Amino acid sequence: MTLETLDHRAPSLFKQQASRTSQLALYSALALFLMVADARFKITAPVRVAVSAALAPVQWLVAQPVLAYQNASRYAEVQQQAVAREDAARKELVVMAQRAELAEELIQENTHLRAMLELRERSLTPGQVAEVVYDSPDPYTRRVVIDKGQVDKIEPGSPVLDEKGVIGQVTRVYPTRAEVTLLIDRDQAIPVFNPRTGARSVAYGDASSSRAGGLELRFMPSNADVQEGDLLTTSGVDGLYPQGLPVAKVVTVDRRADSAFTRIYCEPVGRVQGVRHVMVLKPLNRTEHPEAANMAAQAETEKADRAAKARSKKEKAAAEKAEKATAQPAKDPA
């Protein structure tokens with residue numbers, strides 16, 4: 001018989017283990033006793049405190065990964081919310097800046113339009129408001145294009161003004177657009193009048209590189225009475241511009257001893273650069289010089305006076321002749 005066939009279990013005689021039923025009854029009674037004792041006498045409170053104190057470091061150590069995960073999740077969520085709020089605030093700030101800029105632009109536009117409406121009310125010449133669409137693409141000219149044309153009854157030669165004064169003249173007209181040549185264009189000229197001295201002259205667009213954007217009074221004698229700050233207005237002798245519209249101010253008077261003429265530089269009163277809304281007046285379309293018209297009217301008046309005097313002389317002579325004719329038969333019977 002080998003050792004593997006031997007039974008190593010103890011014989012049933014030496015088995016002293018209680019049965020399962022007795023164990024259950026014992027444990028149940030012990031649990032009931034402990035619950036009643038804890039409820040009545042609090043005998044397990046010190047044990048609980050001791051166990052809690054002993055297990056506190058273990059609980060703290062076990063809770064750290066969970067707390068770290070929760071804090072990391074909360075930090076990421078708060079950071080995302082902060083970034084989203086910052087982006088929303090930046091977008092709102094941009095929108096508010098755009099609105100503020102648009103409001104400022106609308107205020108300036110409203111001010112300009114009101115000024116032009118007042119100018120239209122003061123002016124006896126009919127006109128209409130137009131908006132500048134874009135500048136001329138030609139770099140060698142100073143022109144702008146407005147949104148009114150033949151459909152709006154815009155005529156070539158129409159004076160163009162802003163709220164301060166003359167800025168140019170309509171030179172080309174299309175069905176829905178019109179081209180305005182500014183005063184500072186080198187090919188543009190406008191007759192002007194100096195109210196202080198009563199002198200008339202012609203202002204030309206200054207094409208010099210050092211004074212681009214101005215006007216020049218040419219062919220003025222060296223002894224001309226022109227001072228810095230003089231306001232020049234339209235003289236009306238060209239038959240297009242109404243008389244008395246502000247044109248420019250004299251900024252420099254250059255008198256040279258070696259020349260018989262004085263170089264006079266002027267600055268336009270109106271905004272010839274960056275203007276947005278303009279007033280287009282109807283041209284006067286006079287075919288003759290106003291002084292010539294006055295002289296012709298004076299000549300017609302004098303001619304009418306001479307004709308009236310001659311007619312009165314003829315009537316007087318006829319009346320005297322009739323009196324003589326009536327007086328002659330009375331003398332014959334005598």
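Two strands are said to pair if DSSP finds at least two bridges between them. Keep that in mind as we walk through this structure, which is a predicted model. Strand β4 and strand β5 (residues 178-182) clear that bar, pairing in the antiparallel sense over five bridges.

Let us first step back to the whole chain. Its secondary structure comes to three helices and 12 strands. Of its 334 residues, 25% count as buried. The accessible surface comes to about 23,800 Å², and 57% of that belongs to carbon and sulfur atoms. What share of the contacts between residues at least 6 apart in sequence join residues at least 24 apart? The share is 58%.

Now for a helix. Helix α1 covers residues 20-41, which makes 22 residues. At 1.5 Å a residue, α1 should span 32 Å, and its end C-alpha atoms are 31 Å apart, so the expected and the computed span agree. Is α1 largely enclosed or largely in the open? The number of buried residues in α1 is two out of 22, so this helix lies largely in the open. As a general point for reading any such helix, an α-helix has 3.6 residues a turn, so residues three or four places apart point the same way. Just after α1 comes Lys 42, with a positive phi near 55 degrees.

That sign deserves a pause. Most residues other than glycine have a negative phi. Lys 153 also goes against this habit: its phi is positive, about 65 degrees, although it is not a glycine. You will find Lys 153 in the loop between β2 (143-146) and β3 (159-161). With a relative accessible area of 73%, Lys 153 is exposed, because a residue counts as exposed over 50%.

Follow the chain onward from that loop and you come to β3 and then β4. A hairpin of four residues joins β3 to β4. These two strands run antiparallel and are joined by three bridges, with Leu 161 standing opposite Val 166 in β4. On the other side of this walk, β4 forms a hairpin with β5, again with four residues between the strands. Here Arg 172 stands opposite Glu 179 in β5. Strands of a sheet pair through backbone hydrogen bonds, either parallel or antiparallel. Where does β4 (residues 166-173) sit with respect to the rest of the structure? Six of its eight residues are buried, so β4 is largely enclosed by the rest of the structure.

The next stop is a barrel. Six strands close into it in the order β6-β7-β8-β11-β10-β9, with antiparallel pairing. From one strand to the next, the twist averages 40 degrees. Look within this order at β8 and β11, which pair in the antiparallel sense over five bridges. Leu 217 has Ile 264 in β11 as its bridge partner. When you look along a strand, remember that in a regular strand the side chains alternate between the two faces of the sheet.

These two strands also share an aromatic contact. The structure holds one aromatic pair. Phe 219 and Phe 261 form this pair, which is edge-to-face, with 6.2 Å from centre to centre and 85 degrees between the planes. Why does the pair tie together parts that are 42 residues apart in sequence? Phe 219 lies in strand β8 and Phe 261 in strand β11 (residues 261-268), so the contact joins those parts. The 85 degrees between the planes is over 60, so the pair counts as edge-to-face.

Phe 219 has something else to show. Strand β8 (residues 215-221) holds this residue, and its phi is positive, near 60 degrees, though Phe 219 is not a glycine. At 61% relative accessibility, Phe 219 counts as exposed, whereas Phe 261, at 44%, counts as partly exposed.

We end in another loop, the one between β9 (231-234) and β10 (246-255), where Ser 235 is placed. Is Ser 235 buried or exposed? Its relative accessible area is 5%, and a residue under 20% counts as buried, so Ser 235 is buried. Which residues is Ser 235 in contact with, leaving aside its neighbours within four places in sequence? They are Pro 191, Val 192, Phe 193, Arg 200 and Gln 243.

Conventions. Residues are numbered from 1 along each chain as its sequence is written. This is a predicted model: local features need pLDDT of at least 70, side-chain atom pairs count only at pLDDT 80 or more; totals for chains, interfaces and linings use all residues. Side-chain values use heavy atoms; hydrogens and water are left out. Buried means under 20% relative accessible area, exposed over 50%, partly exposed in between (1.4 Å probe, protein chains only). The expected span of a helix is 1.5 Å times one less than its number of residues. Rings of Phe, Tyr and Trp (its six-membered ring) pair if their centres lie within 6.5 Å; planes under 30 degrees apart count as stacked, over 60 as edge-to-face and the rest as tilted. Axes are lines fitted to C-alpha atoms, for helices over the stretch in contact, and angles run from 0 to 180 degrees between N-to-C directions. Contact means heavy atoms within 4.5 Å. Accessible areas come from the Shrake-Rupley method with a 1.4 Å probe; for residues, only the protein chains shown count as cover.
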